[in-house]
Amino acid sequence: MADVTITRTGLPAEAGQVSSLQRLMRRKSTIAFIMTLPLLLVIFTLVAYPAFYSLHLATLNKSMVRFVGLGNFEFLFGRETFWLVVYQSCLFAVTAVIFKAIIGFTVAHFVHNIPSKGQRKWRGMLLVPWVIPPAMSTLAWLWLFDPSYSAFNWLLAHVGVAPVSWTGNTHWARFSVILVNIWVGAPFFMIMYLAALKSVPEQLYEASEIDGANWWQRIWYITLPMMRNIISITALFSLIVTFANFDIVRVLTGGGPLDSTHLFATWAFRVGIESGDIPLGACVSLFMVPILAVAATLILRDIGKRGNEA
Amino acid sequence: MADTALATGAPTRALKYGSIAKDRRWALRLSYFFLTLFAIFFLMPPIYMFITSLKTSAEISAETNPWWVFNPTLANYIELLTQDTYLIFFRNSAMVSVIVVTISMLISVFAAFALARMRFWGSTLLATGVFLTYLIPETLLFIPLFKMMAMVRDATGIELMNNWWTMIILYPTLTVPFCTWIMIGYFASIPKELDEAALIDGATWIQTLTKIFIPVALPGIIAATIFAFTVSWAQFLYPLAFTTSTDQLVLPVGIITTLIKGDVFNWGQIMTGALLGAAPPLIIYAFLMDYYIAGLTAGATKG
């Protein structure tokens, strides 16, 4: 429709004495191209180019002068730490996303349940973890987990539980990084689900109440199906962010103890930047691509579906 | 507070649902109970930060109740705010964030307008591309970027490494795609008749953008601005990888690398520094919560 109007308004101008350059500058596509040019520059030079460049980097040797093909990948497959990182990354991302989704859904439900006057206040309080920069809030957790002055252990001591070595023991360290990630991410799920809950028509619940449905049946047969799209988009989106997480693990454990909490991102940093083996680091970070690609494809499909429904 | 809300909330519920009022009341009490539990979980770390920031080093290492301040003092705040290094971190962070927000909003508003309204060859593909770019995490890009900086230095002699302004070049990769994406959503929701009327009246595309789209989509612009600010203020990986000298660091990295000296953790100051560092996004959030939440949900619900 816009096309019609532009040719109409454009015609008289063309009839007048205008140079071809001016005409070109007045054409819609030229203006549009100029408007998107900065965006294209950012995307191509700082995102697309580095992404493909890391593919090239991954095939070089440590001093980046010799092509080694898949040599870096072979080397990684032979290292025990690598498989530890694969295991921990998957465990971390899957567990954290599941718990974030469950907690987010539960909290959203409780917020939705109370009179709407108080909802804003509660929602505001519950979103605070998402607002604080994760590197800084993780410092607070690091202090709460401190080996000698842990405030949690102080509380535990009062109920007679022996002090827990939160970041020193492999299992507890894994638990701690996941816990902090849940703490940071659950509010995001809560907000998304709350928005989705509000869009479920109230009549459906009234009808089910008359039919004698209990609260569980209402959730299972009405709420969840109505929110399916938002649930999957939020979970997939969070899967990407969690899988690629860096800040929390870096600040809380630095990958320790004994590399047991390293994720792809933190290990890539350790190998690529701190140990100076850039190709191997690039190689490690490339292992994030398959999961990201799958999640991104699914998100695009869901968002497309959503567009058709509306 | 919760009790008063409960008391006022109960009668309306009773009126509305008649016989099942009792069930409702219990559901409400349960909701408040669990919400309180979750609120404690969610707010505990920042509150503990605040508690620790008011303590002296002696009290922190004492065997007293860590959840209470016995001798509150502002010494940590005073010491930190009179220290040059912390103020430099704060200045660097503020400069980077403000400039990055300005750049990203300029880029994304123009691009989103072109993508949402001026259909041209490849515009839908590009819109999808923008969204995909948003899904690429910075953890995938920092290593090739590290190498690219060395390449730029060899080619042009410009040293990008260890300069705070390098962040101004890098951060837009994190903010621009999402800002553009949500602005496309906001612009697309503006009725076509509005800009058609303007075009018929002889407005140029730029006039349509500045006189109609920007004023109408102002809530979206505020939401995108808040997002860009929060992201650039919180970014940790890029400054950690690309800056090292004390005078070039931004807040998150600065606190972690300078206040932690070897194995000695000065927790009072670390918590004060982290709390002050978290303050700008928190203050913005406190005043513009609705815009903040609109921006959060827009990513998946619009476009």
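Let's start at a kink: helix H3 of chain A bends by about 40° at Thr36(A), and a proline, Pro38(A), follows within four residues. Keep in mind as we go that this is a predicted model. Even with that bend, H3(A), with its 30 residues, reaches 40 Å from its first C-alpha to its last, close to the 44 Å expected at 1.5 Å a residue.

What does this helix pack against? Follow its buried residues, which include Ala32(A), Met35(A), Thr36(A), Leu39(A) and Val42(A). Further along H3(A), the buried set also includes Ile43(A), Leu46(A), Val47(A), Pro50(A), Ser54(A) and Leu57(A). Thr36(A), the residue at the bend, is thus itself among the buried ones. Within chain A, the buried residues of H3(A) pack against helix H15 (278-286). From chain B they meet helix H5 (84-117), helix H6 (123-135), helix H7 (142-156), helix H8 (166-170) and H9.

That brings us to the interface between the chains. Here, 80 residues of chain A are in contact with 83 residues of chain B. On the chain A side, the largest share, 17 residues, comes from helix H3 (residues 28-57). By class, this side of chain A has 64 nonpolar, 13 polar and three charged residues.

Now look for the nonpolar interior. The largest nonpolar core has 179 residues, and those with the most contacts inside it are Tyr193(A), Phe113(B) and Ala274(B). Helix H10 (residues 170-198) of chain A gives the largest share of this core, 18 residues. Zoom in on Tyr193(A) and, leaving aside residues up to four places away in sequence, you will find it touching Gly104(A), Phe105(A), Ala108(A), Met227(A) and Ile230(A).

Chain B can also be read by its domains. Its domain assignment gives domain 1 (2-76) and domain 2 (79-301). The C-alpha centres of these two domains of chain B lie 33 Å apart. Where they meet, 10 residues of domain 1 of chain B are in contact with 10 residues of domain 2. On the domain 1 side, the elements giving two or more residues are helix H2 (21-53), helix H3 (57-60) and helix H4 (75-81) of chain B. H2(B) supplies the largest share of that side, four residues. The residues on this side of domain 1 of chain B divide into four nonpolar, five polar and one charged.

Finally, a few loops deserve a visit. In chain A, Leu258(A) sits in the loop between helix H13 (247-252) and helix H14 (264-274). Its phi is positive, about 55°, although Leu258(A) is not a glycine. Is Leu258(A) buried or exposed? It is exposed, because 11 other C-beta atoms lie within 10 Å, and a residue with 12 or fewer counts as exposed.

In chain B, Asn162(B) lies in the loop between H7 and H8. Asn162(B) also has a positive phi, about 60°, without being a glycine. With 14 C-beta neighbours inside 10 Å, Asn162(B) counts as partly exposed.

One more loop of chain B, between helix H9 (172-188) and helix H10 (192-200), holds Ser189(B). Ser189(B) is partly exposed, with 13 other C-beta atoms within 10 Å. From Ser189(B), look across to Ala116(B): their C-alpha atoms are separated by 9.4 Å, while the two residues are 73 residues apart along the chain.

Notes: Residues are numbered from 1 along each chain as its sequence is written. Chains are lettered from A and ligands numbered from 1 in the order in which they are written. This is a predicted model: local features need pLDDT of at least 70, side-chain atom pairs count only at pLDDT 80 or more; totals for chains, interfaces and linings use all residues. Two residues are in contact if their C-beta atoms, placed from the backbone, lie within 7 Å. Ala, Val, Leu, Ile, Met, Phe, Trp, Tyr, Cys and Pro count as nonpolar, Asp, Glu, Lys and Arg as charged, and the others, Gly among them, as polar. A residue is buried if 20 or more other C-beta atoms lie within 10 Å of its own, exposed if 12 or fewer, and partly exposed in between; C-beta atoms are placed from the backbone. Domain bounds come from an automatic or database domain assignment. The expected span of a helix is 1.5 Å times one less than its number of residues. The bend at a residue is the angle between axes fitted to the seven residues ending there and the seven starting there. A nonpolar core is a set of buried Ala, Val, Leu, Ile, Met, Phe, Trp, Tyr and Cys residues joined through C-beta atoms within 7 Å.
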